[in-house]
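Trainee: Please take a close look at one part of this model, the place where metal is bound. I would like one connected account of it.

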Amino acid sequence: KAKSGNERYLYYSAEMNASIAVRLQLEHDLRTAVSARQFLLYYQPRVDLISGRIVSAEALIRWQHPGRGMVPPVQFIPLAEESGLILPIGAWVIDAVCAQQADWRRRQIKIVPVAINLSAMQVKKHQVLTTIVDALRNNGLEREYVEFELTESVLMDNPEEAAINLRAFKKIGGALALDDFGTGYSSLAYLKRFEFDIVKIDRAFVTEITRSREDAAIATAVIAMAHSLNMRVVAEGVETEAQLRYLRKLRCDEIQGYFFSPPVPALAFEEMLRTDRRL
Ligand code: C2E
Ligand code: CA
Ligand code: CA
Ligand code: CA
């Protein structure tokens, strides 16, 4: 943690937005981070509630700042999106995921699909499609080994255009997941026309699921409707066995969260794959 009095203190603080100078500094550092490749990926497994096995993983970016340690994405993704730096950062994520998958495969580790988070700006730029196709081909990977997670913000300003873009993603990659479901305003029935395969119920509804009748009712309704629309349901942020049991009772398909594993470095995730760790 940075000391107070240090000019860099603000760097980590929530009031960051208040200072233009600090913002500019962050943007400058972020540019350097892109060219100096200061990012790395953590992987968080998703486990199937019936088989208990790892069926996928989400790639989550970390910024390994020289001297300042690990910077979490909440502290730089918003600015990356505003500044357009999310495009080179996002391209790095796609390349890094595919290279990692190819490396595991080369070493005969049984791989699972890895889900990549995509920002709205990336989805609008067709460049990202080329990046994905090239990364898969250069690494000799079949398309189903990369999945994509999008929030409904992607659909907001131009749903027609978004529908066309998402169809293109489905052609070149694996499953499409609707991320953070429940935090926006759309209904699942509306969202189904975007051909999502997976709905991820936001952690906000999972945390209190065993205590809050409202949250339990929302989760129940989302699962029922998702199933009737042929989508799989992943519960995010599952931290306790009680939450897991409850979700299993509701016929949720998969869970992701600290209860099974937090996001971990590639080597630790590889170890889970190698030992076929189960729920
Ligand atoms: P997200 O896509 O909703 O990712 C899930 C977040 O929940 C991750 O935070 C993960 O570490 C955290 N999490 C997982 N299980 C639990 C749990 O049981 N309890 C709690 N309290 N938290 C849990 P993280 O890694 O800090 O990422 C935050 C957000 O940053 C992500 O939210 C995503 O929106 C964004 N992000 C991360 N990596 C990327 C990326 O490569 N590209 C883009 N565009 N956005 C990214
Ligand atoms: Ca996500
Ligand atoms: Ca999420
Ligand atoms: Ca989120």
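Mentor: In this predicted model, the donors of the calcium ion (ligand 3) are spaced D-D-x55-E along the chain. The protein donors behind that pattern are D179 (OD), D180 (OD), E236 (OE) and E236 (OE), and they lie 2.2 to 2.5 Å from the ion. E236 is thus listed twice, each time through OE. Two of the residues come from distant parts of the chain: D179 belongs to strand β6 (residues 176-181), while E236 sits in the loop between β8 (232-235) and α11 (241-249), 57 residues apart.

As for accessibility, D179 has a relative accessible area of 7% and E236 one of 11%, so both count as buried, the cut-off being under 20%.

D179 also leads to the other metal ion. The calcium ion (ligand 3) is 3.9 Å from the calcium ion (ligand 2), and D179 coordinates both. For the calcium ion (ligand 2), the protein donors are E58 (OE), N117 (OD1), E149 (OE) and D179 (OD), at 2.2 to 2.3 Å. Their spacing in sequence reads E-x58-N-x31-E-x29-D. Here too distant parts of the chain are linked, with N117 in strand β4 (residues 114-117) and D179 in strand β6, 62 residues apart. N117 has a relative accessible area of 31% and is partly exposed, whereas D179 is buried.

To put the site together, D179 is the bridge between the calcium ion (ligand 2) and the calcium ion (ligand 3). E58, N117 and E149 are among the donors of the calcium ion (ligand 2), and D180 and E236 are among those of the calcium ion (ligand 3).

Definitions and conventions
Residues are numbered from 1 along each chain as its sequence is written. Chains are lettered from A and ligands numbered from 1 in the order in which they are written. This is a predicted model: local features need pLDDT of at least 70, side-chain atom pairs count only at pLDDT 80 or more; totals for chains, interfaces and linings use all residues. Side-chain values use heavy atoms; hydrogens and water are left out. Donors are N, O and S atoms within 2.8 Å of the metal (3.2 Å for Na, K and Ca); water is not among the atoms, so sites may look incomplete. Helices (H or I, at least four residues) and strands (E, at least two) are DSSP runs, numbered from the N terminus. Buried means under 20% relative accessible area, exposed over 50%, partly exposed in between (1.4 Å probe, protein chains only).
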